[in-house]
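Trainee: I am new to this model and would like to learn what its descriptive terms mean. May I ask how each one is justified?

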Amino acid sequence: MASLVFLPAIAGAQGNDPDNTLYLDLKDGRVVIQLRPDLAPNHVERIKKLASEGFYDGIIFHRVIDGFMAQTGDPTGTGRGGSNEPDLGEEFSKEPFRRGTLGMARSSDPNSANSQFFIMFADGDWLNGQYTVFGEVIDGMQFIDNITPGEPPANPDKIVKMRVAKDAQ
């Protein structure tokens, strides 16, 4: 009987769809992210493509603000870089920015998202409808909470590895 109660909890933590689940490995452990192609199909495809290519492996969290968010995805570590892919057009939705939400970073141009993204430490209603929501942390938020703060951090944390669950080992 205990296994019947335990198994659904494990299945939920692993994500329902391995093609739309990311494993984000940090120094302290694995974060499981459920992607939201229903909200932002182009952004989800970009993140999956870059993750599958190993683009994010070793990239630092270059902007980490306590009580707000942790930002990463810039191979230069400056907040100004991106991938070699073209920028993406906005895919804004009514989905609110809550603790654990993943949003795409961009410049003041709403159609300038590329590879950088952020993970919310807390709710951020002022971002609603202004940035593209493309996923949410479903397990391992305690590891996000442990990311070293700073703009940039003196000793920044790195993404050890990020992969789509269907491709992960």
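Trainee: Why is F118 called buried?

Mentor: The relative accessible area of F118 is 6%. Buried means under 20%, exposed over 50%, and partly exposed in between, calculated with a 1.4 Å probe on protein chains only. The value for F118 is under 20%, so the residue is buried.

Trainee: On what basis are such values computed?

Mentor: The model is predicted, so local features need pLDDT of at least 70 and side-chain atom pairs count only at pLDDT 80 or more, whereas totals for chains, interfaces and linings use all residues. Residues are numbered from 1 along each chain as its sequence is written, and side-chain values use heavy atoms, with hydrogens and water left out.

Trainee: Where does F118 lie, and which residues does it touch?

Mentor: F118 belongs to strand 6; strands (E, at least two residues) and helices (H or I, at least four) are DSSP runs numbered from the N terminus. Contact means heavy atoms within 4.5 Å. Leaving aside residues up to four places away in sequence, F118 touches M69, A70, Q71, F97, T101, L102, G103, M104, A105, L127 and Y131. In addition, F118 and G73 are 45 residues apart in sequence, with 8.4 Å between their C-alpha atoms.

Trainee: What makes strand 3 and strand 4 a pair?

Mentor: Two strands pair if DSSP finds at least two bridges between them. Four bridges join strand 3 (residues 61–65) to strand 4 (residues 69–72), so the requirement is met. The two strands run antiparallel, and R63 has Q71 of strand 4 as its bridge partner. They form a hairpin with three residues between them, and G67 in the turn has a positive phi of about 75°.

Trainee: How are the strands ordered in the sheet?

Mentor: Eight strands form an open sheet in the order 3-4-6-5-7-2-1-8, with antiparallel pairing. Strand 3 and strand 8 are at the edges with a single partner strand each, so one side of each has no neighbour in the sheet. On average, neighbouring strands are turned by 25° against each other, direction ignored; axes are lines fitted to C-alpha atoms, for helices over the stretch in contact, and angles run from 0 to 180 degrees between N-to-C directions. Within the sheet, six bridges join strand 1 and strand 2, where L22 stands opposite I33. Strand 2 is joined to strand 7 by four bridges, one partnership being that of Q34 with E136.

Trainee: How do you know that the span of helix 2 agrees with expectation?

Mentor: The expected span is 1.5 Å times one less than the number of residues. For the twelve residues of helix 2 this gives 16 Å, and the end C-alpha atoms are 16 Å apart, so the two agree. Helix 2 lies across strand 1, strand 2, strand 5, strand 6, strand 7 and strand 8, at about 120° to strand 8. Its buried residues are H43, V44, R46, I47, K48, L50 and A51.

Trainee: What makes a group of residues a nonpolar core?

Mentor: A nonpolar core is a set of buried Ala, Val, Leu, Ile, Met, Phe, Trp, Tyr and Cys residues joined through side-chain atoms within 4.5 Å. The largest such core has 31 residues, and L24, Y56, F117, F134, I144 and M162 have the most contacts inside it. Helix 2 supplies its largest share, four residues. A second, separate core of nine residues includes F97, F118, M120 and L127.

Trainee: Is R36 buried or exposed, and what joins its side chain to that of D38?

Mentor: R36 lies in the loop between strand 2 and helix 2. Its relative accessible area is 18%, so R36 counts as buried. A polar contact of 2.7 Å joins the side chains of R36 and D38. The term requires a pair of N or O atoms within 3.5 Å; within protein, one must be able to donate a hydrogen and the other to accept it, and residues adjacent in sequence count only if both atoms are side-chain atoms.

Trainee: Why is T132 also called buried?

Mentor: T132 has a relative accessible area of 3%, so it is buried. This residue is in the loop between strand 6 and strand 7, and a polar atom of its side chain lies 3.1 Å from the backbone nitrogen of E91.
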